[in-house]
Amino acid sequence: MALLTCHFFSEALGVSTGVTVLLPESARGQIGMGGVETAGPPPVLYLLHGLSDDETIWVRRTSIERYVAERGIAVVMPRAGRSFYADEAHGSAYWTFLSEELPRAVQHFFRVSDRREDTFVAGLSMGGYGAFKWALRQPWRFAAAASLSGALVVGGDRARHLRDELTPHVWDGMDPAGTDDDLLALLDRADPAALPALYATCGAQDDLVDTQHAFVERAAARGVAVDAHVHPGGHDWAYWDEHVQRVLDWLPVGG
């Protein structure tokens, strides 16, 4: 794999930002590391970070480079601060950056597929929420979306601590329930036939497991299928390093 650190100016954010990118290469002569040839532009996975992390974290804390090498998948890991992938009330327009500017920049800078059937999104914690929000709001863009330990409920009393103490700059004390930042509301408005495939996994000892249950229950009530899993584990990199491999196995690469 080729590992790239790309810095470019974002019009949406008004500042320069960073993206970490993995691009496939055959690398047959590299000891202990394989690769595959791709006849055309490779499929691409947008991989989103969590609340306390940045665009480098997946490469630093997991073996994602090794896992995608033999699958021939490009990986794009953007920087999103503590934004919950939203246009912040007091901050920056991270939703606009993610959903509009970033895909254009990726197509401009890198040789990756732009076909829906070759495009996927996943993330952990805040990034799991971001992945599902992006998939539900722009279902035409993705073939599949996955949440690992996602913070999948941001509205209502159960998420008050998240809004008031961890991310007051995002919603300015307002409850996003019912808005386009509320995954449960997005499920209510979704056309199940138009959505990408959805996968959710969370540790049984993770405080966020109840939010996954709430999302899966609402999805089922709306006729939206979710391939959902709960395994022993907490909110930590041991869980994410193991289960991102299961996500990669699940992705319909070549579908």
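Me: Let's start with S149: what is its relative accessible area, and is it buried or exposed?
Reply: This is a predicted model, so what follows is read from its computed coordinates. Buried means under 20% relative accessible area. S149 falls in that class, because its relative accessible area is 0%.

Me: Where is S149 found, and what is its phi near?
Reply: S149 is found in the loop between β6 (144–148) and α5 (160–166). S149 is a residue other than glycine, and yet its phi is positive. The value is near 55°.

Me: Which loop holds S125, and what is its phi?
Reply: Look at the loop between β5 (119–124) and α4, where S125 lies. S125 is buried as well, with a relative accessible area of 11%. S125 is not a glycine, but its phi is positive, at about 55°.

Me: Which residues is H235 in contact with, leaving aside its neighbours within four places in sequence?
Reply: H235 sits in the loop between β8 and α9. With near neighbours in sequence left aside, the two serines we just met turn up among its contacts. The full set is S125, S149, D206, L208 and W240.

Me: Which side chains make a polar contact with the side chain of H235, and at what distances?
Reply: One partner is the side chain of S125, in a polar contact of 3.0 Å. Another is the side chain of D206, where the polar contact is 2.6 Å. So, because H235 counts as partly exposed at 36% relative accessibility, we have a partly exposed histidine whose side chain makes polar contacts with S125 at 3.0 Å and D206 at 2.6 Å.

Me: How far apart in space are H235 and D182?
Reply: In sequence, H235 and D182 are 53 residues apart. From C-alpha to C-alpha, their separation in space is 22 Å.

Me: D241 is buried, so how far away is the nearest side chain of opposite charge?
Reply: D241 is found in helix α9 (residues 237–250). A salt bridge needs a side-chain nitrogen of Lys or Arg within 4 Å of a carboxyl oxygen, and D241 has none. The nearest side chain of opposite charge belongs to R66, and the distance is 6.1 Å.

Me: Which side chain does D241 join in a polar contact?
Reply: Leaving aside neighbours within four places in sequence, D241 is in contact with T62, S63 and Y67. One of these also shares a polar contact with D241, side chain to side chain, at 3.0 Å. That partner is Y67.

Me: Why are R246 and E242 separated by about one helical turn?
Reply: An α-helix has 3.6 residues a turn, so residues three or four places apart point the same way. R246 and E242 are four residues apart in helix α9. Their side chains meet in a salt bridge of 3.0 Å, N to O. The separation of about one helical turn follows because they are four residues apart.

Me: How many salt bridges does the structure hold?
Reply: Among them is D157 with R160, whose closest N and O atoms are 2.7 Å apart; D157 is exposed at 63%, while R160 is partly exposed at 41%. R189 also forms one with D180, the closest N and O atoms being 2.7 Å apart. Here R189 is partly exposed at 48%, and D180 is partly exposed at 37%. For the structure, the number of salt bridges is 12.

Me: How many disulfides are there?
Reply: A disulfide is a pair of cysteine sulfur atoms within 2.5 Å. As for the cysteines, C6 is buried with a relative accessible area of 15%, and C202 is buried at 0%. By the 2.5 Å rule, the count of disulfides is zero.

Me: How far does helix α8 reach from its first C-alpha to its last?
Reply: Helix α8 covers residues 209–221, which makes 13 residues. At 1.5 Å a residue, 18 Å is expected, and the helix comes close to that. Its reach is 19 Å.

Me: What do the buried residues of α8 pack against?
Reply: In α8, the buried residues are V209, T211, Q212, A214, F215 and A219. After the helix comes G223, with a positive phi near 75°. The buried residues pack against α4 (126–137), α7 (183–189), β7 (197–203) and β8 (227–231).

Methods:
Residues numbered from 1 in each chain as written. Predicted model: local features only at pLDDT ≥ 70, side-chain atom pairs only at ≥ 80, totals over all residues. Heavy atoms only, no water. Helix = DSSP H or I, 4+ residues; strand = E, 2+ residues; numbered from the N terminus. Expected span 1.5 Å × (residues − 1). Buried < 20%, exposed > 50% of the residue type's maximum accessible area, 1.4 Å probe, protein only. Contact = heavy atoms within 4.5 Å. Lys, Arg positive; Asp, Glu negative; His and termini not counted. Polar contact = N/O pair within 3.5 Å; in protein donor to acceptor, adjacent residues only side chain to side chain.
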